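The following exercises concern salt bridges, strand pairing, core packing and helix burial. Each task is followed by a worked solution.

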Amino acid sequence: PIFQPQVGSFVQGMVVSIPLHYAWLAEGTTGSKIHQVLSQHYQDSVFVQVMPLGEKAVKDADLLERGAFLRPDTLANTNKMELFVFPNDDTEQVLLCARLDNLGKGASGAAVQNMNIALGLEETTGL
C-alpha cells in the first residue's frame with residue numbers, strides 16, 4: 001500500500017491523488033510513459049496543464065509549498081487543473097495527482113464548458 005495522509009483547512013481547492021502499482025497496468029508502463037501520454041493528450045488544452053515529471057522537477061519549478069506540499073488552493077477561482085505524475089521506478093509505483101478548484105473546475109464549471117462545446121462556442125466563454 002501507499003501511505004499518503006492529507007489534511008488541510010482550505011475554503012476551496014483540492015488535490016486528488018491516485019496511487020498505482022505498475023503491476024496493475026499494461027506491461028511496460030512507467031511513470032514516464034504515463035506523463036508522456038498525458039502531456040500529448042492535453043498539449044492544446046486551455047484548462048488542463050501537465051506539470052513537470054517527478055518530485056525533483058516539480059521542486060525545481062517551485063511548485064511545492066515549503067518545497068514539500070501541493071497546496072490545494074493554488075488554483076482557487078479558476079477553471080484550471082494541473083496534473084502531476086510522481087513515479088518511483090525502483091518500487092514500480094506511481095502517484096498521479098490532480099490539483100483543481102472544486103468550486104471552479106467542479107460540476108458547474110464543467111457544465112458551462114460542455115455547454116460551450118456542444119453549442120459550438122469558444123470553450124472558455126463564461127469561465
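The exercises below refer to this predicted model.

**Exercise 1. Salt bridges within a helix**

Task: Identify the salt bridges formed by Lys-59 and by Asp-60, and describe the exposure of the residues concerned.

Solution.
- Step 1. The structure contains four salt bridges, and the criterion is a side-chain nitrogen of Lys or Arg within 4 Å of a carboxyl oxygen of Asp or Glu.
- Step 2. Lys-59 satisfies this criterion with Glu-55, since their closest N and O atoms are 3.1 Å apart.
- Step 3. Asp-60 is bridged to Lys-56, with an N to O distance of 2.8 Å.
- Step 4. Both Lys-59 and Glu-55 belong to helix H2 (residues 54-60) and are four residues apart, about one turn of the helix. Asp-60 and Lys-56 are likewise four residues apart in helix H2, a separation of about one helical turn.
- Step 5. An α-helix has 3.6 residues a turn, so residues three or four places apart point the same way.
- Step 6. Lys-59 is partly exposed at a relative accessible area of 39%, and Glu-55 is partly exposed at 47%. Asp-60, at 57%, is exposed, and Lys-56 counts as exposed at 60%.

**Exercise 2. A salt bridge between strands**

Task: Determine which elements are tied together by the salt bridge of Glu-82 and Arg-99, and whether these two residues are buried or exposed.

Solution.
- Step 1. The closest N and O atoms of Glu-82 and Arg-99 are 2.7 Å apart, and the two residues form a salt bridge.
- Step 2. Glu-82 is located in strand S3 (residues 81-88) and Arg-99 in strand S4 (residues 93-100), so the bridge ties together parts that are 17 residues apart in sequence.
- Step 3. Both Glu-82 and Arg-99 are buried.

**Exercise 3. The pairing of S3**

Task: State in which sense S3 pairs with strand S2 and with S4, and assess how enclosed S3 is.

Solution.
- Step 1. Strand S2 (residues 48-50) pairs with S3 in the parallel sense over three bridges. In S3, Leu-83 is the residue opposite Val-50.
- Step 2. The pairing of S3 with S4 is antiparallel and extends over eight bridges. Here Phe-86 has Leu-95 of S4 opposite.
- Step 3. S3 and S4 form a hairpin with four residues between them, and Glu-92 in the turn has a positive phi of about 55°.
- Step 4. Six of the eight residues of S3 are buried, so S3 is largely enclosed by the rest of the structure.

**Exercise 4. The nonpolar core**

Task: Establish how many residues make up the largest nonpolar core, and list the contacts of Met-51.

Solution.
- Step 1. The largest nonpolar core has nine residues: Val-15, Met-51, Val-58, Leu-64, Leu-70, Phe-84, Phe-86, Leu-95 and Cys-97.
- Step 2. At least two residues of this core come from each of S3 and S4.
- Step 3. Leaving aside residues up to four places away in sequence, Met-51 touches His-35, Leu-63, Glu-82, Leu-83 and Phe-84.

**Exercise 5. The faces of H3**

Task: Compare the span of helix H3 with the expected value, and locate its buried residues around the axis.

Solution.
- Step 1. Helix H3 (residues 107-118) comprises twelve residues, and its first and last C-alpha atoms are 16 Å apart, close to the 16 Å expected at 1.5 Å a residue.
- Step 2. Gly-109, Gln-113 and Asn-116 are buried in H3.
- Step 3. Viewed down the axis of H3, the buried residues fall within an arc of 60°, so they line one face of the helix.
- Step 4. Ala-107 and Ala-118, on the other side of H3, are exposed.
- Step 5. Gly-120 follows H3 and has a positive phi, near 75°.

How values were computed: Residues numbered from 1 in each chain as written. Predicted model: local features only at pLDDT ≥ 70, side-chain atom pairs only at ≥ 80, totals over all residues. Heavy atoms only, no water. Buried < 20%, exposed > 50% of the residue type's maximum accessible area, 1.4 Å probe, protein only. Core = buried A, V, L, I, M, F, W, Y, C linked by side-chain atoms within 4.5 Å. Contact = heavy atoms within 4.5 Å. Pairing = 2+ DSSP bridges. Expected span 1.5 Å × (residues − 1). Arc of directions from axis to C-beta.
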